[in-house]
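User: Could you take a close look at one part of this model for me? I would like to see how a pair of helices pack and what surrounds them.

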Amino acid sequence: MSAAPLPEAVEGQLAEIGRADLLVGIPSYNNARTVGHVVRAAAAGLGKYFPDAKAVIVNSDGGSTDGTREIVATAELPDLATVLVSHPATPVARIVTPYHGIPGKGSAFRAIFQIADRLDVRACAVVDSDLRSITPPWFELLLRPVLEGHADYVAPLYHRHKFDGTITNGVVYPLTRALYGKQIRQPIGGEFGFSGELARVFLGKPVWETDVARFGIDIWMTTTAIAEGSRLCQVYLGAKIHDAKDPGADLSAMMTQVVASCFDLAEIYEPVWFGRRGSESVPLFGFPHAVGVEPVPVNVDRMLAIFRQGLTDLRELWEKVLPAPLLDALGGLAEGAREAFHMADALWAEIVYRFALAHHARVLPRDHLLRALIPLYLGRTASFILEMWDAGAEEVEARIEGLAHIFEETKPLLEAEWRRSS
Amino acid sequence: MTDFWRDLVWTAIRGTGERLAAILPGLLAMLTLLVLGALLGWMFRLILTRLARAVDFDRRSETWGLTSALARAGIRRPPSAILGVLVFWGIFVIFASMGIDALLPAAPGATGAVLVQILPRVLAAALILLVGWLIANFAGQAVLLASVNAGIPEARLLARAARWGVLLFAVATTLTQLGIGREMVLVAFALSFGGLVFAVSLAFGLGGRGLAREILERRLRREPGPHPKETITHL
């Protein structure tokens with residue numbers, strides 16, 4: 001497939017650089033507040049941990065209007081004498097490029113993969129540009145396993161607040177693990193390391209005019225890496241703290257994008273996951289340690305109110321997706337008191353699988369189907385928060401692992417119905 | 001007297017025979033065309049139904065909301081079968097009109113000409129109605145989902161309003177296409193639609209005066225909402 005052309009100035013820079021060993025990609029869109037910190041961390045990390053390697057930082061920008069690109073181009077790198085034991089042999093080059101194609105993180109990644117391919121790099125890392133907790137060691141952790149041949153794809157492992165990442169914890173992790181049999185705890189983490197060869201594989205896939213270019217690139221990369229038989233590993237990066245934003249505001253978009261990507265990938269990689277049972281752990285590098293995380297205020301009452309409203313207003317839609325006994329079980333949940341509200345893991349696993357089946361059978365328009373899942377997801381999230389209100393990090397993690405086991409145990413239901421509706 | 005009586009009888013018989021002779025070929029032609037229409041209609045119905053099933057038309061109709069819309073109208077047959085029935089009757093009616101023309105040689109082609117004149121407009125009107133119906137169901141469902149997910153208590157009311165708004169527009173367009181009371185339809189639609197918007201504005205302005213004020217104040221002064229804002233990161 002033909003690649004989108006790169007700007008002339010970038011072509012000139014690429015010709016000047018020739019080839020490189022390492023590449024750090026930073027997709028951005030209006031991240032002026034944080035991108036300078038990310039670039040400095042990357043430059044320090046590359047200089048400190050890979051002083052002999054020829055490295056390039058690529059900022060692929062989606063048309064920022066707040067000066068993000070200018071900040072990347074002019075960001076003063078840290079005084080290397082104060083942070084490094086040995087000076088890098090060559091200074092880290094910086095490429096700032098606008099990307100072409102459908103607006104979205106996926107298109108930004110495509111430009112990064114193109115540059116990685118042109119520079120024939122050995123290892124790449126991509127990191128979000130809104131990170132506040134990123135530090136130079138992240139780049140060693142993301143790049144070293146690839147550079148030393150231990151892995152082709154490196155997924156992150158973070159320490160997060162127990163109520164953060166609820167789509168990851170409640171849907172994406174257990175579903176990906178049950179389907180593909182790999183225990184990648186943060187499949188949509190946002191920070192990844194991968195080989196130059198795998199970047200070429202990503203680039204060659206005919207997905208850049210699809211929704212992958214717009215969103216869902218993280219789960220697409222992880223699933224593609226698993227399905228292509230890449231060697232996987234995880235690295236512990238500590239705490240993940242983003243720039244302040246209002247994540248609750250666009251839940252519908254997030255849910256639709258990420259879960260739809262999971263369901264789409266299940267269609268594509270049916271031969272990979274069908275019949276696979278259980279799961280295996282993925283090697284972990286780094287040193288897991290407890291870190292302080294920022295408190296997360298949650299509004300459980302609002303979640304429960306939307307769940308209850310869904311039970312009355314969306315019943316007609318849900319009837320097309322969920323069998324009658326499951327709907328009755330959900331109806332029973334609404335009757336109890338707030339504190340007693342509990343959605344069992346088995347019930348939630350079946351709901352997710354039923355929605356995957358409805359997506360497979362095209363029971364509803366895709367966007368409507370995914371939006372119909374939101375009240376159920378909020379009900380499940382409320383149940384999880386109420387149960388884990390006083391629980392510690394380990395207990396919460398054990399609970400998420402339990403949910404993942406239930407997804408694995410319930411998988412035969414998905415397979416039986418999947419073939420029936422094919 | 002006997003001759004006169006005989007002439008009358010023979011004249012009557014001859015006249016009837018001549019009339020029958022004049023009608024009979026037309027009658028036979030009509031019957032032939034009706035049988036041919038039924039036969040061709042049945043053949044096309046069979047072919048189209050199978051073709052529709054082959055391209056998964058029934059499942060796609062479920063996705064588009066056509067099946068549920070038909071079910072709401074009391075039609076439980078699969079959409080592929082309905083398509084077959086429509087094709088059958090379409091072909092049959094065309095042949096029937098040709099048959100009527102064959103039966104009435106005095107005004108050859110009159111029925112067919114009328115049919116040819118009316119048919120495109122009827123088909124266009126039917127298409128407008130069908131597409132309007134599909135869009136209305138889709139819009140209603142989209143509004144319902146967005147409202148429920150936003151926690152708006154009147155979600156069903158809003159969804160119904162959206163659905164009926166689109167349906168009203170589709171019906172008005174259909175009637176205009178058919179040339180039925182264009183001015184009347186236009187005025188009725190303008191009045192209904194304007195009335196609907198006015199009623200909603202009035203209801204919100206009077207019934208939800210406090211709420212309207214609160215929303216406007218919050219928006220203009222950028223005050224935080226009454227509920228504590230979540231900072232939960234879902235991804």
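Analyst: In chain A, 84% of the contacts with a separation of 6 or more are between residues 24 or more positions apart. Please keep in mind that this is a predicted model. Chain A has 422 residues, of which 59% count as buried, and its secondary structure comes to 17 helices and ten strands.

Let's turn to the helix pair. Helix α7 of chain A covers residues 166-180 and helix α15 of chain A covers residues 345-360; their axes come within 11 Å and cross at roughly 75 degrees. Angles of 65 to 115 degrees count as roughly perpendicular, and α7(A) and α15(A) are therefore roughly perpendicular to each other. On the α7(A) side, the residues that meet α15(A) are G170(A), V171(A), L175(A) and A178(A). From α15(A), W348(A), V352(A) and Y353(A) take part. By type, the residues of this contact between α7(A) and α15(A) divide into six nonpolar, one polar and no charged.

W348(A) deserves a closer look. Setting aside its neighbours within four places in sequence, W348(A) is in contact with G170(A) and V171(A), and also with M343(A), L373(A), L376(A), Y377(A), R380(A), L403(A) and F407(A).

W348(A) also has a place in the largest nonpolar core, which holds 118 residues. Together with F194(A), M221(A), L330(A), I351(A) and F355(A), W348(A) is among the residues that touch the most other members of that core. The element giving the most to this core is helix α16 of chain A (residues 366-387), with twelve residues. Both domain 1 (8-285) and domain 2 (300-420) of chain A supply at least three residues each to this core. Apart from it lies another core, this one of 35 residues, including V35(A), A42(A), F50(A) and W138(A). As a general background, nonpolar side chains in soluble globular proteins tend to be buried together.

One more residue is worth a stop on the way out. L317(A) lies in helix α13 of chain A, residues 315-318. The cut-off for buried is under 20% relative accessible area, and L317(A), with a relative accessible area of 5%, is therefore buried. The C-alpha atoms of L317(A) and L369(A) are separated by 8.5 Å, although the two residues are 52 residues apart along the chain. Leaving out neighbours within four places in sequence, L317(A) is in contact with L364(A) from its own chain, and with Q141(B) and L145(B) from chain B.

Terms used
Residues are numbered from 1 along each chain as its sequence is written. Chains are lettered from A and ligands numbered from 1 in the order in which they are written. This is a predicted model: local features need pLDDT of at least 70, side-chain atom pairs count only at pLDDT 80 or more; totals for chains, interfaces and linings use all residues. Side-chain values use heavy atoms; hydrogens and water are left out. Axes are lines fitted to C-alpha atoms, for helices over the stretch in contact, and angles run from 0 to 180 degrees between N-to-C directions. Helices (H or I, at least four residues) and strands (E, at least two) are DSSP runs, numbered from the N terminus. Angles under 35 degrees count as roughly parallel, over 145 as roughly antiparallel, 65 to 115 as roughly perpendicular and the rest as oblique. Contact means heavy atoms within 4.5 Å. Ala, Val, Leu, Ile, Met, Phe, Trp, Tyr, Cys and Pro count as nonpolar, Asp, Glu, Lys and Arg as charged, and the others, Gly among them, as polar. A nonpolar core is a set of buried Ala, Val, Leu, Ile, Met, Phe, Trp, Tyr and Cys residues joined through side-chain atoms within 4.5 Å. Buried means under 20% relative accessible area, exposed over 50%, partly exposed in between (1.4 Å probe, protein chains only). Domain bounds come from an automatic or database domain assignment.
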